[in-house]
Amino acid sequence: MSTENTIPLNLFKANLELQLRINRLLQENSQRWLDIASRAGTESVAESNAELENLLKANNWQALATLPGESFWRQLQQRIGDAQASAQVAISAQTAFTTGLQQAIQGWQKANIEAVGGGVDATLPFNDLFKQWGAVWASATASDGKPAKGGASRG
């Protein structure tokens, strides 16, 4: 296979690999969030069961009357702790995702540079394109560096 045919194939492979890596990162990030939600749900069920047990253990009306106030402060403290833990987990998950995405893009850039620049023959039309643009620009500018009238120099 000639170099001309490998460039598009290598670019396609690089793009496909980038898409696969981003998809994997999104799946891993989703799994982290599902784990967090599952853990929070399990803790919530355990907390509700403990509250019900306290209600069942109340021996008199006075003990029963104090349960809502005690429950409020206990739950308030628990929710503040949960919010702090959730923020830390969110920062950790987002940092991991961002780092992985950055590495994926850097790998993609490297693969693209290697596909286009690595092993490219100087006789390829792609390489000549820049030479052609340079020649057009040189002929379109006057000797003082300003564009010539009409877009090209006359001579």
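**Getting to know Glu51 and its surroundings**

Me: Does Glu51 count as buried or exposed?
Reply: In this predicted model, Glu51 has a relative accessibility of 18%. Buried means under 20% relative accessible area, exposed over 50%, and partly exposed in between (1.4 Å probe, protein chains only). At 18%, therefore, Glu51 counts as buried.

Me: Which residues does Glu51 touch, not counting those up to four places away in sequence?
Reply: Glu51 is found in helix 1; helices (H or I, at least four residues) and strands (E, at least two) are DSSP runs, numbered from the N terminus. Contact means heavy atoms within 4.5 Å. Leaving out residues up to four places away in sequence, Glu51 touches Ser71, Arg74 and Gln75.

Me: Good to know! How is the model read, and what pLDDT does the protein average?
Reply: This is a predicted model, where local features need pLDDT (the predictor's confidence in each residue, from 0 to 100) of at least 70, side-chain atom pairs count only at pLDDT 80 or more, and totals for chains, interfaces and linings use all residues. Residues are numbered from 1 along each chain as its sequence is written, while side-chain values use heavy atoms, with hydrogens and water left out. A score of at least 70 is reached by 73% of the residues, and the protein averages a pLDDT of 78.

Me: Which element has the lowest mean pLDDT?
Reply: Helix 1 has the highest mean, at 87. At the other end, with a mean of 59 over residues 125–140, is helix 3.

Me: How many contacts beyond four places in sequence does the model have for residues 119–123?
Reply: Take some care here: where pLDDT is low, the predicted coordinates should not be read in detail. Residues 151–155 stay under 50 and have 6 contacts beyond four places in sequence. Residues 119–123 also have pLDDT under 50, and their number of such contacts is 10.

Me: How many salt bridges does the structure hold?
Reply: Side chains of opposite charge can pair when their charged atoms come close. A salt bridge is a side-chain nitrogen of Lys or Arg within 4 Å of a carboxyl oxygen of Asp or Glu. The structure's total is 3.

Me: Which residue forms a salt bridge with Glu51?
Reply: The closest N and O atoms of this pair are 3.0 Å apart. The pair links distant parts of the chain, 23 residues apart, with Glu51 in helix 1 and its partner in helix 2. That partner is partly exposed, with a relative accessible area of 37%. The residue is Arg74.

Me: Which residues are linked with Arg79 in a network of salt bridges?
Reply: Glu47 in helix 1 pairs with Arg79 at 2.9 Å between the closest N and O atoms. Asp82 meets Arg79 at 3.0 Å, N to O, and these two are separated by about one helical turn because they are 3 residues apart in helix 2. Arg79 is partly exposed at 39%. The residues linked with Arg79 in the network are Glu47 and Asp82.

Me: What separates the C-alpha atoms of Gly117 and Ile7?
Reply: Gly117 lies in helix 2 (residues 61–117) and is exposed, with a relative accessible area of 54%. Gly117 and Ile7 are 110 residues apart along the chain. Their C-alpha atoms, though, are separated by 9.1 Å.
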